[in-house]
Amino acid sequence: MSLQVRLGALQRRGRLPSVVGGVLRDGVLVESAGVHADPSTAYRIGSITKTMTAALVLQLRDDDVLSLDDPVGRFLPGVGYGDLTVADLLGHTGGMQSEPAGSWWERSTGGDFDALAAANDGAGAVAGPGEWFHYSNLGYGLLGEVVARLRGAPWWDVVVARLLEPLEMTRTTYGPDAARGRHAQGHSVEHFTGRLATEPHTDTGAMAPAGQAWSTVADLAVWAAFLAGRRPDVLATATLTEMGTPRLDPSYGLGLRVLGLGPDAARRFVGHTGSMPGFLASLFVEPATGDGAVVLANATTGLDADGVPHELLLAEDPAPVTPWVPTTSVPPVVEPLLGVWFWGNSAVELRWSDERLEVRSLQSGSLAHTFEVRDDDTILGASGYHRGETLHVHPTHLECATFVYTRVPYDAAAPIPGP
């Protein structure tokens, strides 16, 4: 298996500015690699943070400090959703709204818990307790405060003292920490141009227990081994099994995602995916074998995080590809052509990638044609049905060998645009 080749396929397919990853066997990191980045680089891990918050809550349960059946209001008096149980919040089964009220929390500087509680009085519920699985970031903001109050220290201090220090995860931090090593800048990729836009590295405040942390492949490999039950000194193996046992939804337990892979989905993996502006992450491990996969990328979209364990552990090696490179400039003749066009009633998109103009179907995403721009600004077909033919630009439409593209679907009663 070539990890470098597999990561290269993920990077190119997703137009990821950079990607790093690692493979575990028997709970040990046996290979790591990166495309456009060293695998020791730290990335934001998004909702993989929730697995740490959940582990702290289960430690409290194992220490007889709380019960999973306790209402959250017992520990957070007067809070909205206080009648929901700790287990409801851990497993996203309480019917809570998905996001806290107010501005987009992932992109906003977060306030303290009092401000979070005041803005979320419980009126945003989408279902009753136990009706269905509904993922809630807000619930983990509340759980983080439960941890803080019962341990008598800020949530992140408890993460460090009770999880990171015992596991010697020295590169896992609250925010980007240049003193500990290099970290990636978060980016989004402009859809049509392929240029990079910088994303913020926000401090999410009281919502931090839902998605704040940063980490590396090596540290997350340690965390994966922990989730596989290999460190009972930190949390009992039976408790981790409980965390990975599905509840209302077959894909989620108490803070852990559950994936069935392989023939008949017989291999059971646990872990979590993560996303924050500019970052995507995936961590899954098979408790029975200790085999696992970690991937981190610095793009807002583009990584099939659920598919990572299959791609890194089970799939056949893909063909080697040339890494995708972000666009630095778009030819002036091409820039106004980018976007959505119609051939008849079929929508296509024109995007700039790899120094060529691509024509892709919006329905399937498949690549139909590519064009290259000559020094005289001629746009000439490079591949596909239009290879060798010129794309002519008109004020109202594009035309290539009688194929006409317009910005709106054809009007059947109107004349067909001509050259």
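Colleague: How much accessible surface does the protein have, and what share of that surface belongs to carbon and sulfur atoms?

Modeller: The accessible surface of this predicted model comes to about 17,300 Å², and carbon and sulfur atoms account for 53% of it. The C-alpha atoms occupy a box of roughly 80 × 50 × 45 Å when the principal axes are used, and of the 419 residues in the protein, 52% are buried.

Colleague: Which secondary structure elements, and how many, does the protein have?

Modeller: There are 9 helices and 18 strands in the protein. As for how the chain meets itself, 61% of the contacts with a separation of 6 or more are between residues 24 or more positions apart.

Colleague: How many positive and negative side chains are there, and how far apart do the centres of the two sets lie?

Modeller: The protein carries 29 positive and 48 negative side chains, and the centres of these two sets lie 3 Å apart.

Colleague: How should I check the span of a helix, taking helix H1 (residues 3–14) as the case?

Modeller: The expected span is 1.5 Å times one less than the number of residues, so the 12 residues of H1 should span 16 Å, and the end C-alpha atoms are indeed 16 Å apart, which agrees. Just after H1, Arg15 takes a positive phi of about 50 degrees.

Colleague: Which residues of H1 are buried, and what covers them?

Modeller: The buried residues in H1 are Leu3, Arg6, Leu7, Gly8, Ala9, Leu10, Gln11 and Gly14, and their cover includes strand E1 (19–25), strand E2 (28–35), strand E10 (291–297) and helix H9 (308–314).

Colleague: Why is Gln11 counted as buried?

Modeller: A residue is called buried when its relative accessible area is under 20%, and Gln11 qualifies because its value is 0%. Leaving out residues up to four places away in sequence, Gln11 touches Leu16, Pro17, Val19, Val35, His36, Pro323 and Trp324.

Colleague: Is Gly139 buried or exposed, and what is Gly139 in contact with?

Modeller: Gly139, which is found in helix H5 (residues 137–151), is buried because its relative accessible area is 1%. Once neighbours within four places in sequence are set aside, Gly139 is in contact with Leu89 and Met96. For a sense of distance, the C-alpha atoms of Gly139 and Asp411 are separated by 50 Å, and these residues are 272 residues apart along the chain.

Colleague: How do I read a strand with a partner on either side, and why is strand E12 (residues 346–353) described as largely enclosed?

Modeller: In E12, 6 of the 8 residues are buried, so the strand is largely enclosed by the rest of the structure. Strand E11 (residues 339–343) pairs with E12 in the antiparallel sense over 5 bridges, with Trp343 standing opposite Ser346, and the hairpin of E11 and E12 has 2 residues between the strands, where Gly344 takes a positive phi near 65 degrees. E12 is also joined by 6 bridges to strand E13 (residues 356–361), again running antiparallel, and here Leu350 stands opposite Val359. The hairpin of E12 and E13 has 2 residues between the strands, and Asp354 takes a positive phi near 55 degrees.

Colleague: What does the hairpin of E7 and E8 look like, and how many residues lie between them?

Modeller: Strand E7 (residues 257–261) and strand E8 (residues 267–276) are paired in the antiparallel sense over 5 bridges, and Arg257 has Gly271 in E8 as its bridge partner. This hairpin has 5 residues between the strands, and Gly262 in the turn has a positive phi of about 80 degrees. E7 is mostly covered, with 4 of its 5 residues buried.

Methods: Residues are numbered from 1 along each chain as its sequence is written. This is a predicted model: local features need pLDDT of at least 70, side-chain atom pairs count only at pLDDT 80 or more; totals for chains, interfaces and linings use all residues. Side-chain values use heavy atoms; hydrogens and water are left out. Buried means under 20% relative accessible area, exposed over 50%, partly exposed in between (1.4 Å probe, protein chains only). Contact means heavy atoms within 4.5 Å. Two strands pair if DSSP finds at least two bridges between them. Accessible areas come from the Shrake-Rupley method with a 1.4 Å probe; for residues, only the protein chains shown count as cover. Lys and Arg count as positive and Asp and Glu as negative; His and the chain ends are not counted. The place of a charge is taken as NZ of Lys, CZ of Arg, CG of Asp or CD of Glu.
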